[in-house]
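Please look through the structure shown here with attention to its rings, its cysteines and its long-range contacts, and keep in mind throughout that it is a predicted model.

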Amino acid sequence: MTSFVFLSWDETAAAAAPVYDRFRSILRTLEDKWQLLIDLPGALLAVKAGGRISSGRVAGHRVVVIGDLFARHGGASTIPWSENRSFRNLCERLTTDCWGAYCALGIGDKGSFSIYRDPIGMEDAVSWCRPGLRVIASQPVPWLPLSDPPGLSIDWPRLADLLLDSSTVSEACPLTGVETIPPGVAIEYGGPRRTACRLWQPGQFYGHRDTADSASLRDTVIGCVRAWSAAYPEPVVELSGGFDSALVAVTGSGIAKGVNFFTDELAGDERRYARDVGVRAGIPVDEIHMPVGRLSMTDIEDMPVGVRPGLGSTTLFHDRLLARRAAARSGRALFTGHGGDAVFFQHPTAAIAADPTFPRADLQSHLRLAKWTRVSAWTIARHAFGIPPRRVRDGLSDGIAPLPVSGRHQDASMWAGDLSGLPPAKQEHIRGIAGERSAFGPSWRSHALTVVHPLLSQPLVELALATDTYLLTQGRRDRALAREAFRDLLPPSVNDRRGKGSLGQFFGRSLAASTDFLRPFLLDGALVEHGVLDRTRLEPMLDRDFLMQYDCYGQLLSAIVMEQWARVWTDRLQAIRSGSCVQAGAASPSVPAN
C-alpha cells in the first residue's frame, strides 16, 4: 500500500501559512523517504518513496492516482485520461474498469480539489482541517501534531459503541476533529463548499448483474489473487488450517511459503491441515508454536496505535510473533484469507429460505437447510413463505458473559448503506462484509509487512453481492459454491471438513493467567474513568475462575486493545496541546503509524 499526505490551503489565510511551512520543511528533510509530487500555491502532495502512482489530467484537474490499481479484465491497468472527462467521470471509470487499493486525488484551480477512495476502502484516507487549511493523509498519526485541528479529542461514546460492536471500526474514527473519507464516494471541495456523490454501494449489485456460478467464482478468485501476487512477489501466506487461507495459497502464484501458528490445545493445533495445503500448493510451511503466556505491559506498550483501534487486525499473540519473524525478511508481503467467511457466506441462518432462488416447493431443500442451521423445518417454511418467525426472547447463550459496556447506540455501517428491500440473508451478507473490513486496521504485522487480504478484492466482493446466499451455500453448508469451484485444487481434508479449530481455549488460559495485570490495567484505566466500562460490574469478571468458565475472550481482548489506544491518545493529545510533539514530527512521518 502507498502512504500519502495532501495539504490544500488558502494563501490569504495567515494562520495556514505556518502549518504549510512546517509540512514542507519536514518533507524536504525526508526526501530519501518521501517524494514531493506537487508543491504549488495552495496545494502540496507527498507520497512515500517507492509508492505506486499514476498521474494525468482531466477537465480542470491535475489527477494523481495513489496505490495499487489493477485492470478489471487482466493486463495492465490503463487510466482513461482525457481533458474532456470530469473528475467524477474518471472515478466512475476507475470503479467499473479497475479495482485495487487506491485513492484518486484531483487538484483544480483556486484551491479546489477532489478525492475518491477505492470502494472497498483498502487504502485509508482521513481528513481534518483548521481555518484556511485541510489535510488528507493515509496515515494521519505523524501529521496531526503539525496542524493541531480544533476540537481534536477522544470520542468516548464512539469507543463504547465500538466495544459493543466493532464491525464499523473501519469507518468513523473515535476521535472528534477528524473524519474518514468514505470509500466509493467522490468528494469535491471548493472553498467552504463540499459536494459528495456516491458512485458505489453494495446493494446496487444484487439483482442487477450476473450471479456467480462455480466457473465465474473460480475465475474471479484466481484473477484477484494472482493480481496481488504480481504486485507483491513471493508473499508469505498465513495458513490457519481453514478453507479461506488455503484458497489463497493454492490460487496464488510465486508464494514463498506458508506460516501456521499452533497451540498446545488440540483445538488450536491445525498443523495437519496446513501441511496438506502446503503439499498441494507446493510451498514450505513454517510452524510457529504459541505457548500459553501471561500478558504484561511490556507485551502491549509498543502496540501500533493509529486513528482507529486495531480491533480486527491484531490478536496480541500471534500477530506480534509474526511481525518478529518478518523483521528478518524485510520486503515481504503477507497474504491472508481474511474476508472469506463473509464473502463466500459462512453463517448458517434460516433467513436463506427467504431468498428468491430458494426452491420453496421442494421439501428436501427445507430439510437440508433446517439440518445445517439447526432449526425446525417449520422455521424454514416460515422464512420461505414470508410468515414472520416467532420472536425468541433476547438472551445470552450459556457460557457467554458480556462486558459491562455503557454504549449509547450502535451505528449502522455507512459502507453497507441502505439495505431496505433486500432479502434478510443478503442484508446479513452485506453487513458481514462491511465488518470484515476491520482487518485494514493497524497491527504489528502491518508495520513489518505489507498485509493483503485478496478475498476482499472488489471484483470478488461484487460477484458475491450479486448472488443469492442460497446459491452461495446451496442451502446445505457454508461456502458450498466456493468448495465446489475449487474441489480439484484444495486438499480434501480442508475442502470437506465440517468444522475448524478454535483458539478460544488458548485465549481463555492466557487471559486467566494474566489477571494480575488485567485487573489494574482495566479497572484503573481510561475506559473505566470515562464511563465506557462499569468498574463495579467488570471487577468480578477479571477473576481466574470466571475466565476459565465463561467465554468473553473476544470482548476482553478488544477492551485491552482499546484501553491501550485510549491511553496512547490521551498522552498524544496532551503533547499536541503543549506543543511538545510538533518538533518530534520531523522523524515520525518516516515510520508507518497507522
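Arg 271 lies over the face of Phe 262, at 3.8 Å from the ring centre, and a second arrangement of this kind involves Arg 572, which lies over the face of Trp 569 at 4.9 Å from the ring centre.

From charges over rings one may turn to rings beside rings, of which a search of the whole structure of this predicted model finds 19 aromatic pairs. Such a pair is described by the distance of the centres and the angle of the planes. In the case of Trp 200 and Trp 415, the ring centres are 5.6 Å apart and the planes stand at 40°, so the pair is tilted. Trp 200 belongs to the loop between β14 (193–198) and α5 (214–231), whereas Trp 415 belongs to the loop between α12 (377–384) and α13 (424–436), so this pair ties together parts that are 215 residues apart in sequence. Both Trp 200 and Trp 415 are buried.

Phe 243 and Phe 344 form an edge-to-face aromatic pair, with 6.2 Å from centre to centre and 90° between the planes. Because Phe 243 lies in helix α6 (residues 243–251) and Phe 344 in the loop between α10 (340–343) and α11 (363–373), the pair ties together parts that are 101 residues apart in sequence. Phe 243 is buried, as is Phe 344. Elsewhere, ring pairs link Phe 70, Trp 99, Trp 228 and Tyr 232 into a cluster.

Contacts between parts separated in sequence can also be followed from Leu 163, which lies in helix α4 (residues 156–164) and, at 5% relative accessibility, counts as buried. Leu 163 and Ala 559 are 396 residues apart in sequence, yet their C-alpha atoms are 6.8 Å apart in space. Once neighbours within four places in sequence are left aside, the residues in contact with Leu 163 are Val 405, Leu 527, Val 532, Leu 533, Gln 555, Ser 558, Ala 559 and Met 562.

Ser 514 offers another such starting point, placed in the loop between α19 (504–512) and α20 (515–523). With a relative accessibility of 2%, Ser 514 counts as buried, and, not counting residues up to four places away in sequence, Ser 514 touches Gly 293, Arg 294 and Leu 295.

What of the cysteines? The structure holds zero disulfides, a disulfide being a covalent bond between the sulfur atoms of two cysteines. For Cys 91, the closest cysteine sulfur is that of Cys 197, at 9.8 Å, which is too far for a bond; Cys 91 is buried, with a relative accessible area of 0%. For Cys 129, the closest cysteine sulfur is in Cys 173, at 14 Å, and this too is too far for a bond, while Cys 129 itself counts as partly exposed, at 34% relative accessibility.

It remains to consider the confidence of the prediction. The mean pLDDT of the chain is 89, and 93% of its residues reach 70 or more. Over residues 393–398, however, pLDDT stays under 50, and the model has one contact beyond four places in sequence for them. Residues 583–594 also have a pLDDT below 50, although this stretch has 32 contacts in the model beyond near neighbours in sequence. Where pLDDT is low, the predicted coordinates should not be read in detail.

Conventions:
Residues numbered from 1 in each chain as written. Predicted model: local features only at pLDDT ≥ 70, side-chain atom pairs only at ≥ 80, totals over all residues. Heavy atoms only, no water. Phe/Tyr/Trp six-rings, centres within 6.5 Å; stacked < 30°, edge-to-face > 60°. Helix = DSSP H or I, 4+ residues; strand = E, 2+ residues; numbered from the N terminus. Buried < 20%, exposed > 50% of the residue type's maximum accessible area, 1.4 Å probe, protein only. Lys NZ or Arg CZ within 6 Å of the ring centre and 35° of its normal. Contact = heavy atoms within 4.5 Å. Disulfide = S-S within 2.5 Å. pLDDT = per-residue confidence, 0-100.
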